[in-house]
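Hi everyone, thanks for making time for this. I'd like to walk you through a structure that may be new to you, so let's put it up on the screen.

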Amino acid sequence: MSAARRLLAIVTKELYQLRRDRLTFAMIIGIPTLQLLLFGYAINMDVRNLAATVVDEANTMRSREIVAALTHAQVVDVRYRDATPQAGMDRIRRGETSVAIVLPSDLDRRLQRRERSAIQLIVDGSDPVIMQAARQLSALPIHGAAPVPSVEVLNLYNPERRSALNTVPGLIGVILTMTMVMFTGVSIVRERERGNMEFLIATPVRPLELVIGKVLPFVGIGLVQVSIVLALGAWIFSVPVRGALLDVYIVALTYIVACLGLGVLISTFAKTQFQAMQVAFFTFLPQILLSGFMFPYAGMPRAAQWIAEVLPLTHFVRMIRAVMLRSASIGELTGDLLALVAFSVVALGAATLRFRKRLD
């Protein structure tokens, strides 16, 4: 047999084996398709419809015209109206809005004299992209005549405009996603490949006990990783923890459990360690792109935002930034916290059911 025929035989065997490995074949098709759809459709740096609240202390025709002009430009989406600037700032702190538009009671006089700023934009400056988008409002025309006059932009939480303040908290979630999901999935599949699962089947261990026993050691590992990132972030990049440190660890612990639940669920589908890593990467890609860590959530189409709400990293990024940068308390973040708890329950429950089938 010639070298060409031997080489052709090996290639044919690999292609045949690849065709039988449905999961790997699906990854070959799915990963480039997913990247194309996410980068081409969902990822958009042109931020629109930032959640905003209006504090209209003037309540005049002119003030209403200005609010209408700002809304018509689609840079902001006015969802709330508050009585005082402090109430608007509280909404930003809780993460309900990104911008507060304040129109003072003497708005008309300020517009005429132009001695003081007539409009104040209070912006969540912890996200530089949102800060840049909010500054565009000062150049918007009113009835096609002149730009919005005398706008003062107040940058909350990041007056120095340091990108590290926005990046480091999100990196905690990215690191936990990479390690917890992959480590757990690969670890359980490795146990199956080595035949240790057969020993567990012969014991009175229940599927739920097996799942919890596999998850618990990685909880400690995850908390150690959180501590390392917090310490290095404070030491190297001077990233503060403005909220309660206990709240930071509560948020992190909830997310760690969610990641571990996803990792255990992946292990019930994968037959090999390589497959477990493939599926883990496949779930990691949309999370890092749609969670708001790299690209602004407000710039995504509505359909992409719906998908992002299902992903646990989206809720973690919101909460960890709120606690670390905006001093929000865990009690003010119950919506995202409950979403993570629900994801954990569903993932661990589904993994337990599939373990029961495997053990049977």
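Let me begin with helix H6, residues 128-135, which lies across E1, E3, E4 and E7 and runs at about 165 degrees to E4. Before going further, please keep in mind that what you see is a predicted model.

So what does H6 lie across? Those strands belong to an open sheet of 5 strands, in the order E2-E1-E3-E4-E7, and the pairing in the sheet is mixed. Which strands sit at the edges? They are E2, residues 76-81, and E7, residues 151-156, and each of these pairs on one side only. On average, neighbouring strands in the sheet are turned by 25 degrees against each other, with direction ignored.

A quick reminder for anyone who doesn't look at sheets every day: strands pair through backbone hydrogen bonds, and they do so either parallel or antiparallel. Here is one pair to look at. Strand E1, residues 50-56, pairs with E2 in the parallel sense, over 5 bridges. If you want a spot to find on the screen, look for Thr53, which stands opposite Tyr80 in E2.

H6 has company on the sheet. Helix H3, residues 61-72, lies across E1, E2, strand E3 (99-103) and strand E4 (119-124). Its direction is at about 135 degrees to E2.

Now let's step back to the whole protein. How many helices and strands does the secondary structure come to? There are 14 helices and 7 strands. The protein has 360 residues, and 46% of them count as buried. If we take the contacts with a separation of 6 or more, 77% of them are between residues 24 or more positions apart. The accessible surface comes to about 18100 Å², and 63% of that belongs to carbon and sulfur atoms.

Next, the charged side chains. How many salt bridges does the structure hold? The number is 13, and I've picked a few for us.

Let's take Arg94 and Glu96 to start. They form a salt bridge in which the closest N and O atoms are 3.0 Å apart. Are these two buried or exposed? Arg94 counts as partly exposed because its relative accessibility is 25%, and Glu96 is also partly exposed, at 29%. This pair is part of a network of salt bridges that links Asp82, Arg91, Arg94 and Glu96.

Compare that with Asp106 and Arg110, whose side chains meet in a salt bridge at 3.1 Å, N to O. Asp106 is buried, with a relative accessible area of 17%, and Arg110 counts as buried too, at 16%.

My third example is Arg318 with Asp336, a salt bridge with the closest N and O atoms 3.1 Å apart. Arg318 lies in helix H13, residues 312-326, while Asp336 lies in helix H14, residues 334-359, so the pair ties together parts that are 18 residues apart in sequence. The two partners have their own surroundings: Arg318 counts as partly exposed at 29% relative accessibility, whereas Asp336 is buried, with a relative accessible area of 15%.

While we are at H13 and H14, let's stop at the loop between them, where Ser327 lies. What is the phi of Ser327? It is near 60 degrees, a positive value in a residue other than glycine. To see what makes that worth pointing out, recall that most residues other than glycine have a negative phi. Ser327 is partly exposed, with a relative accessible area of 36%.

There is another residue to mention alongside it. Asn59 has a phi near 55 degrees, again positive and again in a residue other than glycine. You'll find Asn59 in the loop between E1 and H3, which takes us back to the sheet we began with. Asn59 is exposed, with a relative accessible area of 53%.

Let me end on the surface. Which residues form a nonpolar patch there? They are Val224, Ile228, Leu232, Trp235, Ile236 and Phe237, and together they have about 650 Å² of accessible area. One of them, Ile228, is found in helix H9, residues 207-236. Ile228 is partly exposed, with a relative accessible area of 45%.

That's my tour. Thanks for listening, and I'm happy to go back to any part of it on the screen.

Technical notes:
Residues numbered from 1 in each chain as written. Predicted model: local features only at pLDDT ≥ 70, side-chain atom pairs only at ≥ 80, totals over all residues. Heavy atoms only, no water. Salt bridge = Lys/Arg side-chain N within 4 Å of Asp/Glu carboxyl O. Buried < 20%, exposed > 50% of the residue type's maximum accessible area, 1.4 Å probe, protein only. Helix = DSSP H or I, 4+ residues; strand = E, 2+ residues; numbered from the N terminus. Pairing = 2+ DSSP bridges. Axes fitted to C-alpha atoms, helices over the stretch in contact; angles between N-to-C directions. Contact = heavy atoms within 4.5 Å. Patch = residues over 30% accessible without salt bridge, like charges linked within 9 Å, V, L, I, M, F, W, Y side chains within 5 Å. Areas by Shrake-Rupley, 256 points an atom, 1.4 Å probe, with all protein chains shown as cover.
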